[in-house]
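Some notes on this structure follow, meant for someone who has not looked at it before. Please read them with the sequence and the 3D view open.

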Amino acid sequence: MTDQIEGGCRCGACRYTLASEKMPPVYACHCLYCQTWSGSAFTEQAIIRSETITATGPIVDYAASRSSGGVSTQFICGVCHTRLWNTNTVWRAIAVVRAGTLDASDELIPLMHIWTKRKQPWLTIDPAVLSFAENAPPAEFMKLLA
């Protein structure tokens, strides 16, 4: 067992470490925003406590206002522009890592799917996995961190 999890961008210029003994919990988001930003059918995102992440390399940030009134700050490789993680002003203690940037991303299985009303029609979600038509209640996200 390790005491840290590592990941990085596509070009290798940026690396990050999560101070954790186990892989973080992952959820899949099928909202149009995530589909557009990722260029894919959904995103896989790992929830971590923001103080557990340290990073090196030319990381730049991009702050975007959300319709909810909060500000989401994206942390991106300054070379290849891979989105690595984001934080927001609503959940200050939480960071959301793009799960595909984890070195061991092949070990992850989403524990929850959100915004399934926007999922691609060809995609089948296992009925045993927790799913929500829109956002999950905050308590469900907090269960992932427990």
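1. The protein carries 12 positive and 12 negative charges, and the mean positions of the two sets lie 10 Å apart. These values, like those below, come from a predicted model.

2. On the surface, the accessible area of the protein amounts to about 8,100 Å². Carbon and sulfur atoms make up 54% of that area. As for the interior, 45% of the 146 residues are counted as buried.

3. The secondary structure consists of 11 strands and two helices. Read from the N terminus, the order of elements is β-β-β-α-β-β-β-β-β-β-β-β-α. The radius of gyration is 15 Å, close to the 15 Å that the globule rule gives for 146 residues, so the protein is as compact as a globular protein of that length.

4. Along the principal axes, the C-alpha atoms occupy a box of roughly 40 × 35 × 30 Å. Among contacts with a separation of 6 or more, 50% are between residues 24 or more positions apart.

5. One residue can be followed in detail: Glu140, which sits in helix H2, spanning residues 138–145. Is Glu140 buried or exposed? Its relative accessibility is 19%, and buried means under 20%, so Glu140 counts as buried.

6. Which residues does Glu140 touch, leaving aside those up to four places away in sequence? They are Met112, Leu130 and Phe132. Within helix H2, whose residues are 138–145, the side chain of Glu140 also makes a polar contact of 3.3 Å with the side chain of Lys143.

Note on methods: Residues are numbered from 1 along each chain as its sequence is written. This is a predicted model: local features need pLDDT of at least 70, side-chain atom pairs count only at pLDDT 80 or more; totals for chains, interfaces and linings use all residues. Side-chain values use heavy atoms; hydrogens and water are left out. Helices (H or I, at least four residues) and strands (E, at least two) are DSSP runs, numbered from the N terminus. The radius of gyration is taken over C-alpha atoms; the globule rule is 2.2 Å times the number of residues to the power 0.38. Buried means under 20% relative accessible area, exposed over 50%, partly exposed in between (1.4 Å probe, protein chains only). Contact means heavy atoms within 4.5 Å. Accessible areas come from the Shrake-Rupley method with a 1.4 Å probe; for residues, only the protein chains shown count as cover. Lys and Arg count as positive and Asp and Glu as negative; His and the chain ends are not counted. The place of a charge is taken as NZ of Lys, CZ of Arg, CG of Asp or CD of Glu. A polar contact is a pair of N or O atoms within 3.5 Å; within protein, one must be able to donate a hydrogen and the other to accept it, and residues adjacent in sequence count only if both atoms are side-chain atoms.
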